[in-house]
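Please open the structure in your viewer and keep the selection panel at hand. The tour proceeds stop by stop, each time stating what to select and what is found there.

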Amino acid sequence: MAHSLDHFIVWLGDAHAMEVQATAMLRAQIARIENYPELRERMQQHLIETEAQAEALRKLLDRVPGSGSVLKEVAGRLSAVAQGVTGMLAADEVVKTTMAIYTFEHSEIATYRVLIAAADELGDTEAVDVFEKIVSEEMAMAAWLETHLDVVTRLYLMRDERDLLAKR
Ligand code: MG
Ligand code: FE
């Protein structure tokens, strides 16, 4: 039982760092999108969700004595800056960004599936409820992107053909 709890705390800390990183990444990407308002709006909505997710995970961690050591905010923020910049100099920036978020959402879904199983093993129903809510938001974002990868790609190609500012 002690071992399961140790794993759970580390995974929860990693998830918190992931969400802090996600907020920085989304903020950087949103600031650069100019010609894809629908995408920008959906990302803005998910940024607000993501901030609440980070806060909810923080509250779960705060319940656990001595869990402060797993808070990796600083490291998370630094790598977020690096991730936010990746692909920004690409000619097809908006396509690369949309692909990157789609990938990121699936990695988040995997993280919460693991956390749900671990919390369930520990009988931590409060945590299970929090993770279930979060994973539904990640799945909704992934599903939206699933559809809009098509739209964004076609719009990008159309704009590029007409020599409009297509990249973002
Ligand atoms: Mg998230
Ligand atoms: Fe997400």
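Begin by selecting glutamate 105 and glutamate 138 in this predicted model; both of these residues are buried. Now add the iron ion (ligand 2) to the selection, together with His46 and Glu108. The protein donors of this iron ion are His46 through NE2, and Glu105, Glu108 and Glu138 each through OE. These donors lie 2.0 to 2.2 Å from the ion.

What is the geometry of the site of the iron ion (ligand 2)? The site is irregular, with angles of 76 to 165° among its four donor atoms. A site of four donors counts as tetrahedral if all angles lie between 85 and 135 degrees. Follow the donors of the iron ion along the chain, and the spacing reads H-x58-E-x2-E-x29-E. Within this set, glutamate 105 in helix α4 (residues 93-121) and glutamate 138 in helix α5 (residues 125-161) are 33 residues apart, a pair that links distant parts of the chain.

Next, select the magnesium ion (ligand 1). Which residues coordinate this ion? Its donors are two OE atoms of Glu19, OE1 of Gln53, and an OE atom from each of Glu108 and Glu138, at 2.0 to 2.3 Å. Along the chain, the donors of the magnesium ion follow the spacing E-x33-Q-x54-E-x29-E. Here too a pair links distant parts of the chain: glutamine 53 belongs to helix α2 and glutamate 108 to helix α4, with their positions 55 residues apart in the numbering. Glutamine 53 and glutamate 108 are both buried.

Display both metal ions together. The magnesium ion (ligand 1) and the iron ion (ligand 2) lie 3.1 Å apart, and glutamate 108 bridges them.

The next stop is tyrosine 112, which is found in helix α4. Is tyrosine 112 buried or exposed? Tyrosine 112 counts as buried because its relative accessibility is 0%, and buried means under 20%. Show its surroundings, leaving aside neighbours within four places in sequence. Tyrosine 112 is then in contact with Ala15, Met18, Glu19, Leu57, Phe131, Ile134, Val135 and Glu138. Glu19, one of these contacts, is also a donor of the magnesium ion, and Glu138, likewise in contact with tyrosine 112, is a donor of the iron ion. To check a distance in the viewer, choose the C-alpha atoms of tyrosine 112 and isoleucine 134, which are 7.8 Å apart in space and 22 residues apart in sequence.

Now turn to the empty space inside the protein. Rolling a probe the size of a water molecule over the atoms shows where empty space is left. There is one cavity of 30 Å³ or more, and the largest cavity has a volume of about 30 Å³. To locate this cavity, select its lining residues: Glu19, Ala22, Met25, Leu26, His46, Thr50, Ile101, Phe104, Glu105 and Glu108. Helices α1 (2-32), α2 (37-62) and α4 each give two or more residues to the lining. By class, the lining has five nonpolar, two polar and three charged residues.

Finally, return to a view of the whole chain. The protein chain has five helices and zero strands, so that its elements run α-α-α-α-α from the N terminus on. Of its 168 residues, 43% are buried. Among contacts between residues at least 6 apart in sequence, 80% join residues at least 24 apart.

How values were computed: Residues numbered from 1 in each chain as written. Chains lettered and ligands numbered in written order. Predicted model: local features only at pLDDT ≥ 70, side-chain atom pairs only at ≥ 80, totals over all residues. Heavy atoms only, no water. Donors = N, O, S within 2.8 Å, 3.2 Å for Na, K, Ca; no water. Tetrahedral: all angles 85-135°; square planar, octahedral: opposite > 155°, others 65-115°. Helix = DSSP H or I, 4+ residues; strand = E, 2+ residues; numbered from the N terminus. Buried < 20%, exposed > 50% of the residue type's maximum accessible area, 1.4 Å probe, protein only. Contact = heavy atoms within 4.5 Å. 1 Å grid on protein atoms, 1.4 Å probe; cavity = no way out; pocket = protein on both sides within 12 Å on 5 of 7 lines; lining within 4 Å. Points joined across faces, edges and corners; volume = space filled by probe spheres on them. Nonpolar A, V, L, I, M, F, W, Y, C, P; charged D, E, K, R; others polar.
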